[in-house]
Amino acid sequence: MQEETKGITIGDIFRTIAVKKWITLIIAAVIAVGVILSIQFGYNRTQARYVTEFTIVLPDGYTGTSVYTYPDGTTFHYTDMISRKNLSAVKNSNEEEFKSIDIDRIVEDGDMNIERIVETVSETSQTTEVYYRLSVSTKYFHDFGKARAFLSKLVNYPIEYLSTMQIDSDVFLTLSKEAEDYESQIELLISQLEYIKAQYENIIKINGGNFVVDGKTLSAYNNEVVAYYNINRLNALLADVRDKGILKNEQSRSNYVIKKVDVNRQFDIANETLTNLQTSIGQGIVDAATIKAQSDLVASLNQRMQDIDRFILSTTVDEEGNYEKEYINPQYDKIQHFTDTYERVVVVAYEKASTISFKVAKVVTTEGGMGITTSVLLGVVVGVIIALIAGYIIGKVTLKKRAAVVEANGASQPVQQQTEQPVASEEKNNE
């Protein structure tokens with residue numbers, strides 16, 4: 001008699017699973033879907049992050065230093081991009097699209113970060129590239145598209161500010177309106193004109209003279225200011241007021257009395273210094289150029305005292321303001337026009353000269369977590385393994401039940417045969 005081989009083969013296992021193959025397939029599908037959904041909406045929501053890397057170019061050669069000063073004097077630090085104020089401003093810019101983004105939660109969790117990265121491009125030339133890396137958890141956004149739109153607008157903060165900033169370029173104009181005498185008023189208008197002229201020269205250095213704003217080049221705008229400046233209308237008015245000693249009002253006479261005291265003091269000091277220098281020149285302590293500069297200062301202060309005396313002794317008091325209306329106001333209006341034009345031009349020029357460049361075309365990438373392909377593969381693998389185990393267990397239980405039924409049916413068959421034999425014998429005996 002041959003001895004039976006014991007153990008379970010692979011074929012036995014799959015035949016057992018095949019008993020409940022449809023249940024096994026259903027279990028595999030349910031488990032796979034459950035795993036995929038758990039990864040995408042559970043694990044990934046806490047582990048994955050949206051990341052954007054970008055470079056910034058701003059006017060005045062800014063390419064990535066920690067702090068930048070805007071033309072209006074406001075300072076910018078790259079961490080300002082993720083401030084609560086900027087986050088809220090971006091959300092409010094499109095409340096319908098960004099209404100689901102919880103700004104307070106992002107700030108309170110501290111789950112949005114930005115870092116400045118300096119990367120060496122060439123070791124030989126010591127060339128470096130500065131760029132920024134902003135990251136935030138994906139859990140704050142319903143989908144990739146919304147995250148991309150929000151983060152793109154967020155990092156555009158510096159250029160958005162340039163387009164909306166209010167440049168206060170009329171300081172000297174404002175002061176000229178408040179001046180207590182015509183001399184000071186005209187001097188402040190000259191200062192305003194010189195300021196606008198210098199500012200145009202500055203933005204031309206940054207953008208080039210052929211840079212076009214509203215159909216005109218920066219050089220054209222600058223040439224208009226320079227042409228007016230070269231006519232010297234304001235200097236002519238200033239000389240006229242000083243020569244004639246024209247007072248804006250009687251109160252301004254008292255101001256000149258006070259001014260003379262101060263100028264006299266400056267003159268005495270300068271004159272004493274000049275005397276000392278002239279004494280020292282023979283000893284080789286100072287040079288002729290120093291003597292010349294000090295002599296010019298003394299002459300200038302002396303002339304200033306003479307001008308002030310004319311105002312103090314003047315009988316020309318323009319209480320009606322006719323001189324201002326006829327001569328000064330037209331120049332004020334012209335310079336106001338130059339100032340308003342400059343403020344508009346500089347905002348457009350600075351905005352056009354600024355760029356945000358993203359390091360990848362899709363702007364935002366996803367890091368951490370698990371991709372959809374990996375999630376599907378893992379879901380299928382886990383689903384199949386668990387389904388096979390469950391299918392084998394269920395199949396084995398089913399086979400055992402079937403065997404028990406068969407065995408029960410097999411045991412009842414001999415008993416029936418035994419009960420039938422006496423009946424048959426008894427019938428034979430009766431015959």
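## Positive phi in two loops and a helix pair

Val 363 sits in the loop that runs between strands β8 (355–358) and β9 (365–367). The model is predicted. The phi angle of Val 363 is near 75 degrees, a positive value in a residue other than glycine. Most residues other than glycine have a negative phi. Val 363 has a relative accessible area of 8%, and because buried means under 20%, Val 363 is buried.

A second positive phi belongs to Asp 214, at near 55 degrees, again in a residue other than glycine. Asp 214 lies in the loop between β6 (212–213) and β7 (216–217). Is Asp 214 buried or exposed? With a relative accessibility of 52%, Asp 214 counts as exposed, because the cut-off for that class is over 50%.

The two loop residues are set out below.

| Residue | Phi | Loop | Relative accessibility |
|---|---|---|---|
| Val 363 | near 75 degrees | between β8 and β9 | 8%, buried |
| Asp 214 | near 55 degrees | between β6 and β7 | 52%, exposed |

The other topic is a pair of helices. Two packed helices are described by the angle between their axes and the distance between the axes. For helix α6 (residues 144–155) and helix α7 (residues 157–164), the axes come within 5 Å and cross at roughly 55 degrees. The crossing angle therefore makes α6 oblique to α7. Which residues meet in this pair? On the α6 side they are Lys 153, Leu 154 and Val 155, and on the α7 side Tyr 157, Pro 158 and Glu 160. Sorted by class, the contact of α6 with α7 holds 4 nonpolar and 2 charged residues, with no polar ones.

Note on methods:
Residues are numbered from 1 along each chain as its sequence is written. This is a predicted model: local features need pLDDT of at least 70, side-chain atom pairs count only at pLDDT 80 or more; totals for chains, interfaces and linings use all residues. Side-chain values use heavy atoms; hydrogens and water are left out. Axes are lines fitted to C-alpha atoms, for helices over the stretch in contact, and angles run from 0 to 180 degrees between N-to-C directions. Helices (H or I, at least four residues) and strands (E, at least two) are DSSP runs, numbered from the N terminus. Angles under 35 degrees count as roughly parallel, over 145 as roughly antiparallel, 65 to 115 as roughly perpendicular and the rest as oblique. Contact means heavy atoms within 4.5 Å. Ala, Val, Leu, Ile, Met, Phe, Trp, Tyr, Cys and Pro count as nonpolar, Asp, Glu, Lys and Arg as charged, and the others, Gly among them, as polar. Buried means under 20% relative accessible area, exposed over 50%, partly exposed in between (1.4 Å probe, protein chains only).
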